[in-house]
Each structure stands twice: as structure tokens, then as C-alpha cells.
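Reader: Could we go through this model together? I'd like to start with the ligand and then turn to the core.

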Amino acid sequence: MEHPENNEEYKGLTVNQGVEQPSIVNPYINLRSRPKRRQFSVGEYVEGIVKGDITMLSRAVTLVESIKPEHQAIAQEVIEKCLPYSGNSVRVGISGVPGAGKSTSIDVFGLHVLEEKGGKLAVLAIDPSSERSKGSILGDKTRMEKLSVHPKSFIRPSPSAGSLGGVARKTRETIILCEAAGFDKIFVETVGVGQSETAVHSMVDFFLLIQLAGTGDELQGIKRGIMEMADGIVINKADGNNIEKAKLAAAHFRNALHLFPAPESGWTPQVLTYSGFYNIGIKEIWDMVYGYIDFVKKNGYFDYRRNEQAKYWMYETINEHLRDSFYQDPLIADMLEIKEKEVLNGQATSFTAAKKLLDVYFNQLKK
Ligand code: GDP
């Protein structure tokens with residue numbers, strides 16, 4: 001058909017009839033039959049992980065982090081089968097407020113332990129803020145320049161979906177997979193905001209708290225509970241004209257620690273100063289960590305703490321599943337908002353509202 005613009009009134013302008021363009025997709029490729037990314041069997045995952053295959057490890061961790069029930073089912077089986085190969089590692093929790101120098105420090109800490117002790121290092125993270133901000137501020141590869149390209153290290157950012165308990169459980173399960181893959185050093189990084197420390201503390205052998213020297217009143221800002229958890233406190237940025245301030249801060253922390261009851265481990269928490277940026281005092285920190293590990297392995301506390309942690313995680317997992325089952329129940333989800341309004345309006349007390357919801361839930365289970 002002639003193009004309408006080739007009419008008399010459009011003088012000087014001739015538009016040729018268009019030529020049909022060939023498809024940019026190769027017509028001989030049958031898209032339907034293209035293989036999807038292959039789903040591996042539990043056995044293949046386990047075999048790959050135990051051989052130390054990083055791709056298989058990463059894929060398995062992705063399953064652990066997935067919220068899809070079919071992924072979870074495979075993940076749980078893989079974890080179960082990896083369990084006998086796990087446990088043989090030193091797990092260190094590293095915490096500090098943003099800006100304390102965690103990523104700079106973990107980079108140098110990691111290189112130091114790999115050089116000094118050999119083996120392989122996995123850096124994981126628990127970042128409770130990542131759900132809200134939709135991006136993890138921890139465990140990011142680009143923050144650890146040297147480790148991220150080190151052949152013996154594996155860096156994985158925080159799982160982002162779910163409650164703190166859910167995120168922490170996934171990290172704990174990832175620890176098992178990493179250990180089965182031969183990672184004998186595990187760092188779990190967290191940001192110093194309170195609850196996430198408790199979660200990290202419940203999965204590591206040594207809890208290292210990174211602090212900064214401030215104006216002399218640095219102790220005010222940190223919660224007593226966090227200090228009590230620490231097996232070691234290290235004051236970063238002890239360099240340049242900050243050295244004296246760091247030493248003073250260390251003295252304050254030492255005094256404060258004296259006021260706490262003696263830890264169950266029998267170990268006296270130590271306070272050291274260092275500079276992650278200038279690589280000063282790093283060896284001392286890791287001598288302390290490994291000194292602690294020797295100490296608690298000898299006095300039996302190492303195994304005791306790990307057993308207690310296993311018990312803790314059993315209950316945590318039960319709690320998490322019960323909570324999910326309750327809140328994800330469609331009937332409960334519908335009623336929750338109504339009951340919440342009633343409580344806010346003073347039409348019902350918190351207890352009667354809660355009781356009503358629980359009754360509905362449990363009655364439904366009986367059916
Ligand atoms: P994070 O938020 O805890 O991971 O902290 P970063 O590792 O990103 O460090 C925050 C800032 O402190 C960066 O600008 C670092 O360069 C700086 N920094 C880290 N370690 C040191 C140190 O030992 N000395 C000095 N002077 N600065 C440091």
C-alpha cells in the first residue's frame with residue numbers, strides 16, 4: 001500500500017514503503033525448550049560443598065536465604081547432611097557502630113589470620129537494618145578490598161528478608177555450610193545497635209567489640225549488656241594524635257569491665273588499642289583471640305558454649321516457626337487489625353484481645 005504521506009500535498013517528500021525488519025531473535029531457537037538453570041539435588045549440593053566448591057556453596061546459601069518453601073525444604077536437608085562436616089572452626093563475632101572501622105579492620109584481620117594460620121575465611125554479616133533500607137550496609141564485598149579478591153576468602157552480605165531472628169538463623173545455617181566447605185575461620189560482622197549483638201553472640205566463640213576513643217565519656221553510649229558480652233574490646237584508630245586518647249579510653253573500659261561479674265568462661269576480657277588503617281596492633285588482637293580459644297578449649301567452656309548455643313537455636317527455631325504460623329494464618333491476619341483497633345480504642349484490654357486471637361488460632365488447628 002502507498003504511504004499516506006506520498007500524497008500530492010506533501011511535495012518533495014517521498015516515503016518509501018517500509019521493509020520488514022527481520023526479528024532480532026534467532027527464529028531457529030526454540031525458547032520454550034531452553035533449559036532452565038538446573039536445580040541440583042541435595043546430594044549434589046552436599047558433594048559440591050564438601051569438596052569446597054564455592055559456586056555450590058553460594059547456591060546453597062541462596063537456598064538458605066530463600067523464603068520459598070520448596071527452596072527451604074532442600075536447604076534444610078543440605079544443612080542436615082553438612083552438619084557432620086561442620087563445627088571445626090573458630091567463629092568470631094565482630095561488632096561496632098557504623099564508622100568504627102569494621103570493614104577496614106576485617107580486611108586487615110582477615111589477611112592477618114590467613115597469613116598467620118592458613119586455612120580459609122568466611123565473612124558473614126547480620127544486619128537488621130537491611131530489611132528496611134533494602135540494602136545491606138554490612139558484609140559488602142567492596143568494603144573489604146583485599147579480602148574480596150583473596151582466593152581463600154568468602155564474603156557474603158547479610159540475608160535481608162525477615163525478622164532479626166530469621167536473619168540470624170539464616171546466618172547460623174550459613175556458618176554450617178561454610179564450615180562443611182572447609183572454612184575454618186568464620187567472622188560474623190554486625191552493626192552495634194543492641195539486639196543484633198545478642199544474635200551474633202549466640203553463634204560465635206569469641207565476641208570482639210570495636211570501639212572508638214571519644215571525648216572521655218565513650219562508656220555512656222554503649223549498653224552495659226553489649227559490654228558484658230564482649231570477650232575482647234579493641235579501640236580502633238589509635239594512630240596519629242589519637243594514640244593517647246585511645247589509651248585513655250582503653251583504661252576507662254578496663255575499669256568498667258572490673259565492675260562486671262566474672263564471665264562464665266573464666267576468661268578475663270581484655271582491652272587493646274590498634275589501628276586498622278595503619279596496621280598497628282593487629283597481631284596482639286589475634287594472639288588474644290587464639291589465646292582465648294586455647295584457654296576455653298582446655299577448661300571445657302568451648303564445647304559447653306557451643307552446646308548451649310545449639311540448644312538456644314533449637315528454641316529460637318521453634319519460636320520463629322510458631323510466630324510465623326500464627327501471623328501468616330489468614331484468619332488471624334484478618335482479625336489482627338480489628339483487635340488492634342479495639343485495644344487502642346479501649347474497647348478491649350490487651351489480654352482479652354490476645355486471648356481471643358490465640359483461641360481462634362488454636363481452635364483452627366484442632367479442626
Ligand atoms: P565501618 O562503618 O565500621 O565499617 O567503618 P569503616 O571501615 O568504613 O571506616 C570508617 C572510616 O574510618 C573510614 O573513613 C576509614 O578510613 C576510617 N578508619 C578506619 N580505620 C581507621 C584507623 O585505624 N585509623 C584511622 N585514622 N581511620 C580509620
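**Ligand and core**

Author: A polar backbone atom of Gly101 lies 3.0 Å from an oxygen atom of the ligand, a polar contact being a pair of N or O atoms within 3.5 Å. This is a predicted model, in which local features need pLDDT of at least 70 and side-chain atom pairs count only at pLDDT 80 or more, while totals for chains, interfaces and linings use all residues. Residues are numbered from 1 along each chain as its sequence is written, and side-chain values use heavy atoms, with hydrogens and water left out.

Reader: And which ligand atom does the side chain of Asp239 approach?

Author: A nitrogen atom of the ligand is 2.6 Å from a polar side-chain atom of Asp239, and a polar backbone atom of Phe277 is 2.9 Å from a ligand oxygen atom.

Reader: How much of the ligand's accessible area does the protein cover?

Author: The protein covers 69% of the 580 Å² that the ligand has on its own, with areas from the Shrake-Rupley method and a 1.4 Å probe.

Reader: Switching to the largest nonpolar core, which residues touch the most other members?

Author: Val78, Leu177, Ile233 and Ile235 do, out of 54 residues; such a core is a set of buried (under 20% relative accessible area, 1.4 Å probe, protein chains only) Ala, Val, Leu, Ile, Met, Phe, Trp, Tyr and Cys residues joined through side-chain atoms within 4.5 Å. Its largest share, 7 residues, comes from helix α6 (residues 164-180), helices being DSSP runs of H or I with at least four residues, numbered from the N terminus.

Methods
Buried < 20%, exposed > 50% of the residue type's maximum accessible area, 1.4 Å probe, protein only. Helix = DSSP H or I, 4+ residues; strand = E, 2+ residues; numbered from the N terminus. Polar contact = N/O pair within 3.5 Å; in protein donor to acceptor, adjacent residues only side chain to side chain.
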